[in-house]
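Here's a quick briefing to read alongside the coordinates. Have a look at the fold before going through the notes.

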Amino acid sequence: MAVPAFSDISKASNDVLGKDFYHLTPVSLDVKTVAANGVTFTAKGKSAGDKLSGNLETKYADKKNGLTLTQGWNTANALDTKVELADTLTPGLKAEVVGSVVPDKKKDAKLNLTYAHQAFTARTFLDLLKGPTVNADFTAGKDGVTLGGTASYDINAASVTKYAFAVGYKAPDYSISLSALDNVKLFSAGYYHKVSPLVEVGGKATYDSKSSIANPVALEVATKYQVDSTAFVKAKIADSGIASFAYSQDLRKGVKLGLGAAIDVLKLNEATHKLGVSLSFSA
């Protein structure tokens, strides 16, 4: 099993704290279908305030040759294309070319390389048009311990513009992580614990050394309870006073309903609360 990438060192706790909380979007719809030849079509729509946004995506995967082609088009008139080539040049190496074009406005092009090994994982992200800049990260691990670092390099300025470090430990039923981000000015500590087959708990503390507020440490704790094989509930509380709740239910095979709410317990009489509904179809 390969060592997790730098962005995945805190994945277990981040998933409990941030994944499947549906209040972030008032209404969202996701429809995914797969054709007989393996081509996947995905249509997504969501509301954000008084605006609606959507995205259409087509994905073709040639698993035999390790080739994946994804083409998307959204309501911002952006045409997004991604070409992936995995384990073809050498086992463990994945190359991606990612492009985005908004006619007469902007263009983006990136080259991403990932090499995953049992002892380490290395990634490089090259922005071909902006800077150009190179973002790279590296992790190495053994016996559940993972050490990693990341840095951004501006080629024209010949200087490192951003860097961060992290360490994590993963056991069969829990994991912990420590991170020094934003040029070692933002520090976070997270944990994840699978209490039982039905209950998961995660928490994170973040300290911003640049903050001027009286209490620069932010805390949040969340839990997930698997009601049965088709449903789960989640709850999260943050020191800011925001309590978040979520419920997910498989209505039938391929149909999932998500309900979410965020309540500001410090301002119960004010209109600061949020509600969200998500409906997903797959076939």
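The notes go from the whole chain down to one group of aromatic rings. Keep in mind that this is a predicted model. The protein chain has 19 strands and 1 helix, and its rings include a cluster made of Tyr115, Phe120 and Phe138.

**Overall size and packing**

- The radius of gyration of the protein chain is 21 Å, which agrees with the value near 19 Å that a compact globule of 283 residues would have.
- If you're setting up a box, the C-alpha trace spans about 55 × 45 × 40 Å along its principal axes.
- Of the 283 residues in the protein chain, 27% are buried, with buried meaning under 20% relative accessible area.
- Take the contacts in the protein chain with a separation of 6 or more: 25% of them join residues 24 or more positions apart.

**Surface and charge**

- About 17200 Å² of the protein chain is exposed, and 62% of that area comes from carbon and sulfur atoms.
- The protein chain carries 32 positive and 27 negative charges, and the mean positions of these two sets are 3 Å apart.

**Aromatic rings**

- Two numbers do the describing here: for a pair of aromatic rings, you give the distance of the centres and the angle of the planes.
- The count of aromatic pairs comes to 5.
- One of them is Tyr115 with Phe120: the ring centres sit 5.9 Å apart and the planes make an angle of 40 degrees, so this pair is tilted.
- Phe120 also pairs with Phe138, and that pair is stacked, at 5.7 Å centre to centre with 25 degrees between the planes.
- The stacked pair ties together parts that are 18 residues apart in sequence, because Phe120 belongs to strand 8 (residues 120–127) and Phe138 to strand 9 (residues 133–142).
- Put together, ring pairs link Tyr115, Phe120 and Phe138 into a cluster.

**How open the cluster is**

- Are these rings buried, exposed or in between? The class "partly exposed" lies between under 20% and over 50% relative accessible area.
- Tyr115 has a relative accessibility of 28%, so Tyr115 counts as partly exposed.
- Phe120 comes in at 27% relative accessible area, which makes Phe120 partly exposed.
- Phe138 has 43% relative accessibility, so Phe138 is partly exposed too.

Key
Residues are numbered from 1 along each chain as its sequence is written. This is a predicted model: local features need pLDDT of at least 70, side-chain atom pairs count only at pLDDT 80 or more; totals for chains, interfaces and linings use all residues. Side-chain values use heavy atoms; hydrogens and water are left out. Helices (H or I, at least four residues) and strands (E, at least two) are DSSP runs, numbered from the N terminus. The radius of gyration is taken over C-alpha atoms; the globule rule is 2.2 Å times the number of residues to the power 0.38. Buried means under 20% relative accessible area, exposed over 50%, partly exposed in between (1.4 Å probe, protein chains only). Contact means heavy atoms within 4.5 Å. Accessible areas come from the Shrake-Rupley method with a 1.4 Å probe; for residues, only the protein chains shown count as cover. Lys and Arg count as positive and Asp and Glu as negative; His and the chain ends are not counted. The place of a charge is taken as NZ of Lys, CZ of Arg, CG of Asp or CD of Glu. Rings of Phe, Tyr and Trp (its six-membered ring) pair if their centres lie within 6.5 Å; planes under 30 degrees apart count as stacked, over 60 as edge-to-face and the rest as tilted.
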